[in-house]
Amino acid sequence: MGTNILEVNGLKTYYRTRLNEKVYAVDGVDFALEQGKTLGIAGESGCGKSTLALSLMGFYFPPLHYGGGSIHVDGTDIMKLSKEQLRRKVSGKEIAYIPQAAMNALNPTMKIISFIQDIMKEHRPELSKQQVWQLAAERFETLNLSQNVLSSYPNELSGGMKQRTVIAISTILNPKVLIADEPTSALDVTSQKAVIKLLKNLLDKQFIKALVFITHELPLLYHVTDDIVVMYAGEIVERGTAHQMVFDPLHPYTKRLMGSIIVPEEGMKGHKLAAIPGAPPNLKHVPPGCRFAPRCAFAADECRAGKVDSKTVDGRIYRCRFDTGTLKEWYRHEQQ
Ligand SMILES: Nc1ncnc2c1ncn2[C@@H]1O[C@H](COP(=O)(O)OP(=O)(O)OP(=O)(O)O)[C@@H](O)[C@H]1O
């Protein structure tokens, strides 16, 4: 077992709406990520992936509120730090976050180098403008990005180049953990591959120590991450290696999620596609038992009765009352 660079225990966060209702977007999440590893987070829209990312950064600004639990980054519980300590010591330095569509949020009137100068002014004020340029140019070259990009405006770059630039900027301080939220969505296949290559490069060169990759496209994670967790209605319902999750899912939700997506992998090309019936629950009023039960073909009365805890079997974690033998038998029957 390696060192855990990120450890999350019992994390709960919620939104408070204008009508004073609570939306339980992250509801008791536990996971750990070892140094040098990549973790994928998958799930349908609205299951809490982006909220989890915001929560991991300690970005608690209304309407998002912290409800409990701990987040250790390289041994430090960041929830015990003040907002000011978080901003100065953690954000971007220990843990960095690339939100969805970040590349479209770059100020179009600023050259790329200006974004890096702003970061360095805050975190490395001792560096001169010339030194910042030198540092940025070396980093860009190492990541196979031309240093000409530094003197460009965001709108002069293609979508794929813009996204790679955002990633290079966000990791300029060598954060221990990088959280990338849908970093490849809205890009063509060639640009997606370039982004994935860049992320792997950051890990190989040890500019980052661990990567969390969030996407609703579970099969994409197969090429990027060591492990995958699947979220459903604010909870993690399964965790396994990328191979296990794609080729041998245990939880009925993971199984249905895989069955609803075109999987280009060898051995999966012929699998039958079927949409998951129904919709995820309203996170203001989650069902009392298994949250997937209302949509699950295998659900029994006991599934709807009380909270379903996670269990660990052969290193895999899943949140379902049924044992692995029963689940696999059902899936085998379905395929016939
Ligand atoms: N500002 C907000 N106020 C209230 N509820 C919110 C707010 N932002 C998100 N939510 C709710 O929190 C839940 C989780 O949303 P979140 O965006 O984290 O899901 P997601 O899995 O990242 O979805 P997507 O893939 O579409 O980004 C959803 O029910 C969503 O409606």
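Q: What distance separates the end C-alpha atoms of helix α4, residues 129–142?
A: This is a predicted model, in which local features need pLDDT of at least 70 and side-chain atom pairs count only at pLDDT 80 or more, while totals for chains, interfaces and linings use all residues. Residues are numbered from 1 along each chain as its sequence is written. At 1.5 Å a residue (times one less than the number of residues), the 14 residues of α4, a DSSP run (helices: H or I, at least four residues; strands: E, at least two; numbered from the N terminus), should span 20 Å, and this agrees with the distance in the model, 20 Å.

Q: Which residues of α4 are buried, and where do they lie on the helix?
A: Val 132, Ala 136, Arg 139 and Phe 140 are buried (20 or more other C-beta atoms, placed from the backbone, within 10 Å of a residue's own; exposed means 12 or fewer, partly exposed in between). Seen down the axis of α4, these residues fall within an arc of 95 degrees (taken from the directions from axis to C-beta atoms), so they line one face of the helix.

Q: Which exposed residues does the face of α4 turned away from its buried side carry?
A: While the buried residues of α4 pack against α3 (112–123) and α5 (159–170) (contact: C-beta atoms, placed from the backbone, within 7 Å), the face turned away carries the exposed residues Gln 130, Gln 131, Glu 138 and Glu 141.

Q: Which element supplies the largest share of the shell around the ligand?
A: The ligand is surrounded by 15 residues, the closest being Tyr 15, Ser 45, Lys 49, Ser 50 and Thr 51 (C-beta atom, placed from the backbone, within 6 Å). Both β2 (22–34) and α1 (49–56) supply at least two residues of this shell, but the largest share, 3 residues, comes from α1.

Note on methods. Contact = placed C-beta atoms within 7 Å.
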